[in-house]
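Reader: I have a model open and some labels to go with it. Can you take me through what backs those labels up?

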Amino acid sequence: MPTRPKKKCSRPYPTKVARKRAQQIVVNRVDAEGNVPEIKVNSRTVPGIITQRGCTYAGCKGVVLGPTRDIVIITHGPIGCGYYSWLTRRNQTNPGPNGENFMVYCFSTDMQEENIIFGGEKKLRQAVQEAWDLFHPKAISIFATCPVGLIGDDIHTIAREMTEKLGCNVFACSCEGYKGVSQSAGHHIANNAVFKNIVGRDDHPSSANSRSTCSANTTSAATPSSWNGFWRPAASPW
């Protein structure tokens, strides 16, 4: 198998990263014996390297909960993580009768070196308060990035405190990028967060033919509608 194209592709990376990356790069050529090259898979993504596989944070924030129009999504971490997952999929949505659509915004605590050393909990509380003062959303969700998990900021306690203070559904997701092999771990974390913090919080019928199984604080998830005597999910903007 020719090695020159592989070396060219891995040249921009540091030596250790390039050695790992070379195992995941193949030249799409069938050898003389008819063997098809295989790509090495199921290995952890390298933190800091943006790939199609993404990271746990990207799967949680960017894929599942990010495309939710009426929840303010706050990235607790450096601004680069927030921008990386900000509308890269260009999700389209109908803002609804109230015109709520926060998908076009990129909310981040923009952690600096000082916050990494002394902690970023104070800055996170300020960010949640500011989001509430500006937009009064139906819910606010906090997403942890790699530095947050390393320094130990207690985002779940802050979420509970701000929920009591604001009367708004504030919940957090411990989705540090390094937690899984790829972004798939983030999908699980986000889905669990939806069922734990959103679904079932308000089961009051919203109309004669439909009822909401979502939180009173969010309306973006699918709303079951009546069909032949059974409840079936309506089309979801996700």
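**What the labels rest on**

Author: Start with Val128: setting aside neighbours within four places in sequence, Val128 is in contact with Ile74, Ile140, Ile142, Met162, Leu166 and Val170. Keep in mind that this is a predicted model.

Reader: What makes those "contacts"?

Author: The cut-off is heavy atoms within 4.5 Å, and Val128 meets it with each of those six named residues, Ile74, Ile140, Ile142, Met162, Leu166 and Val170.

Reader: Which residues touch the most other members of the largest nonpolar core?

Author: Ile74, Val128, Ile140, Ile142 and Val170 do, in a core of 22 residues. Strand E1 (71-76), helix H6 (121-135), strand E3 (139-144), helix H8 (155-166) and E4 each give two or more residues to this core. There is also a second, separate core of 17 residues, with Cys55, Phe143, Phe171 and Cys173 among its members.

Reader: Why would nonpolar side chains be buried together?

Author: That is a tendency in soluble globular proteins.

Reader: Why is E3 described as largely enclosed by the rest of the structure?

Author: Six of the six residues of E3 are buried, so the strand earns that description. Ala139, Ser141 and Phe143 point one way, while Ile140, Ile142 and Ala144 point the other, and all are buried. Alternation between the two faces of the sheet is what side chains do in a regular strand.

Reader: Why is Ser141 called buried?

Author: Buried means under 20% relative accessible area. Ser141 is at 0%, so it counts as buried. This serine sits in strand E3, and beyond residues up to four places away in sequence it touches Leu65, Ile71, Val72, Ile73, Ile74, Phe171 and Cys173.

Reader: And why is Cys81 called partly exposed?

Author: The partly exposed class runs between the 20% and 50% cut-offs. Cys81 has 24% relative accessibility, so it falls in that class. Cys81 belongs to helix H4 (residues 79-84). Leaving out neighbours within four places in sequence, the contacts of Cys81 are Tyr57, Thr75 and Thr145. Cys81 and Ser108 are 27 residues apart along the chain, with 8.6 Å between their C-alpha atoms.

Reader: How do you know that E3 pairs with E1 and with E4?

Author: Pairing takes at least two bridges. E1 and E3 have six, in the parallel sense, and E3 and E4 have five, parallel too. For particular bridges, Ile74 has Ile142 as its partner in E3. Ile140 is matched with Val170 in E4, and Ser141 with Phe171 in E4.

Reader: What makes E2 and E4 the edge strands?

Author: The open sheet has four strands in the order E2-E1-E3-E4, with parallel pairing. Strand E2 (107-108) and E4 each pair on one side only, and that makes them the edges. H8 lies across E1, E3 and E4, running at about 175° to E4.

Reader: How do you know that the span of H6 is close to what is expected?

Author: H6 has 15 residues and reaches 21 Å from first C-alpha to last, set against an expected 21 Å at 1.5 Å a residue. Its buried residues are Leu124, Ala127, Val128, Gln129, Ala131 and Trp132, and their cover includes E1, E3, H8 and E4. After H6 comes His136, with a positive phi near 45°.

Reader: How does the span of H9 (residues 184-197) compare with the expected one?

Author: H9 has 14 residues and reaches 20 Å from its first C-alpha to its last, close to the expected 20 Å. Buried in H9 are Gly186, Ala190, Ala193, Val194 and Asn197.

Reader: What puts those buried residues on the same side of H9?

Author: They cover an arc of only 100° around the axis, so they share one side of H9. His188, Asn192, Phe195 and Lys196 are exposed on the other side. Cover for the buried residues of H9 includes helix H3 (56-65) and strand E4 (169-173).

Reader: And how much of the whole chain counts as buried?

Author: Of its 238 residues, 39% do. The chain has nine helices and six strands. Among contacts between residues at least 6 apart in sequence, 63% join residues at least 24 apart.

Conventions. Residues numbered from 1 in each chain as written. Predicted model: local features only at pLDDT ≥ 70, side-chain atom pairs only at ≥ 80, totals over all residues. Heavy atoms only, no water. Expected span 1.5 Å × (residues − 1). Buried < 20%, exposed > 50% of the residue type's maximum accessible area, 1.4 Å probe, protein only. Arc of directions from axis to C-beta. Core = buried A, V, L, I, M, F, W, Y, C linked by side-chain atoms within 4.5 Å. Axes fitted to C-alpha atoms, helices over the stretch in contact; angles between N-to-C directions.
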